[in-house]
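Subject: Handing over the structure

Hi,

Here is the structure I said I would pass on to you. Have a look at it first, and then read my notes below.

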Amino acid sequence: MSRSTRPTLSVAREPSGRRSRAIARSAPEFAPTEVKRLRDAALAGMQNPEWGSELGRLLLAGKLEPELYAAGQHWAECAMRYRQALDAPRPSPPAATLESKSPAAAVDPATEAGQRRTAREVAAIAALKEAHAALRMAGALPERVVRRVCEHEEAVCGTGEFVALRRGLLALALFWGMTRRR
């Protein structure tokens, strides 16, 4: 009888034969207390607000690579421009921040400024639709998780959602040419 062996993965090794920890050292290392302090300072307005976001927390914790973080930030910006183009409110806005454009602030589409604004709004709508199509190619769960995390600032729940978030952000990063992965 032949013995079946488990397939072995090619792993970089140290001279002692142990698995190399060089990959783990490449990610930024922050102590959990530093991450909490930085996030609290961002939420209080004393630090860059991006560190107070859920994506920023995942980046600081070393769970997301910079290109995936950049893809999530770009998605959030595209979604914000899309909502502004449609004059739609933020998703789940607090009651105090409900803002809508006043009719007096509307620009006449016949003027040059109105045509520029219309062109920007049409471009914002088209950009989000194209990115949304790329995100949908990753699957329904990655789409749902990316939108929840990037637009609604909700935390991921469990390993399955975290893997789906990474898959969706990777699809967006590939779409926008932010990474060379396949």
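Let's start with one residue: does Arg147 count as buried, exposed or partly exposed, and at what relative accessibility? Arg147 counts as partly exposed, at 30% relative accessibility. The cut-offs work like this: buried is under 20% relative accessible area, exposed is over 50%, and partly exposed is in between, with a 1.4 Å probe and protein chains only.

Before going on, a word on where the values come from. This is a predicted model, so local features need pLDDT of at least 70 and side-chain atom pairs count only at pLDDT 80 or more, while totals for chains, interfaces and linings use all residues. Residues are numbered from 1 along each chain as its sequence is written, and side-chain values use heavy atoms, with hydrogens and water left out.

**The overall picture**

The protein has 7 helices and 0 strands, so reading along the sequence gives α-α-α-α-α-α-α. Helices (H or I, at least four residues) and strands (E, at least two) are DSSP runs, numbered from the N terminus. Of the 182 residues in the protein, 27% are buried. Among the contacts with a separation of 6 or more, 48% are between residues 24 or more positions apart; contact here means heavy atoms within 4.5 Å.

**Where H5 meets H6**

Now find helix H5 (residues 112–138) and helix H6 (residues 140–152). Their axes come within 6 Å and cross at roughly 125°. That angle makes H5 oblique to H6. For reference, axes are lines fitted to C-alpha atoms, for helices over the stretch in contact, and angles run from 0 to 180 degrees between N-to-C directions. Angles under 35 degrees count as roughly parallel, over 145 as roughly antiparallel, 65 to 115 as roughly perpendicular, and the rest as oblique.

Which residues make this contact? H5 brings His132, Leu135, Arg136 and Ala138, and H6 brings Pro142, Glu143, Val146 and Arg147. Sorted by class, the contact has 4 nonpolar, 1 polar and 3 charged residues. The classes are these: Ala, Val, Leu, Ile, Met, Phe, Trp, Tyr, Cys and Pro are nonpolar, Asp, Glu, Lys and Arg are charged, and the others, Gly among them, are polar.

Glu143 of helix H6 is worth a click. Glu143 counts as buried, at 11% relative accessibility. Leaving aside neighbours within four places in sequence, Glu143 is in contact with His132, Leu135 and Arg136. With Arg136, Glu143 also forms a salt bridge (3.5 Å, N to O). Arg136 itself counts as partly exposed, at 48%.

**Salt bridges**

How many salt bridges does a search of the whole structure find? The search finds 9, where a salt bridge is a side-chain nitrogen of Lys or Arg within 4 Å of a carboxyl oxygen of Asp or Glu.

One of them joins Glu112 and Arg116 (3.1 Å, N to O). These two are 4 residues apart in helix H5, so about one helical turn separates them. Glu112 is exposed, at 58% relative accessibility, whereas Arg116 is partly exposed, at 46%.

Helix H6 has a pair with this spacing too: Glu151 and Arg147 are 4 residues apart there, which puts them about one helical turn from each other. In their salt bridge the closest N and O atoms are 3.0 Å apart. Glu151 is buried, with a relative accessible area of 10%. There is also a network: Arg148, Glu154 and Glu161 are joined by salt bridges that share partners.

**Cysteines**

You will find 0 disulfides, a disulfide being a pair of cysteine sulfur atoms within 2.5 Å. Cys78 is buried, at 3% relative accessibility, while Cys157 is exposed, at 56%.

**The end of H7**

Finally, go to helix H7 (residues 158–175), where Phe175 sits. Phe175 is partly exposed, at 38% relative accessibility. What does Phe175 touch, not counting residues up to four places away in sequence? Phe175 touches Glu130, Ala131 and Ala134. The C-alpha atoms of Phe175 and Leu135 are 8.6 Å from each other, and the two residues are 40 apart along the chain.

Leu174 lies in H7 as well and is partly exposed, at 36%. Between the C-alpha atoms of Leu174 and Ala71 there are 8.9 Å, with their positions 103 residues apart along the chain counted as separation.

Cheers
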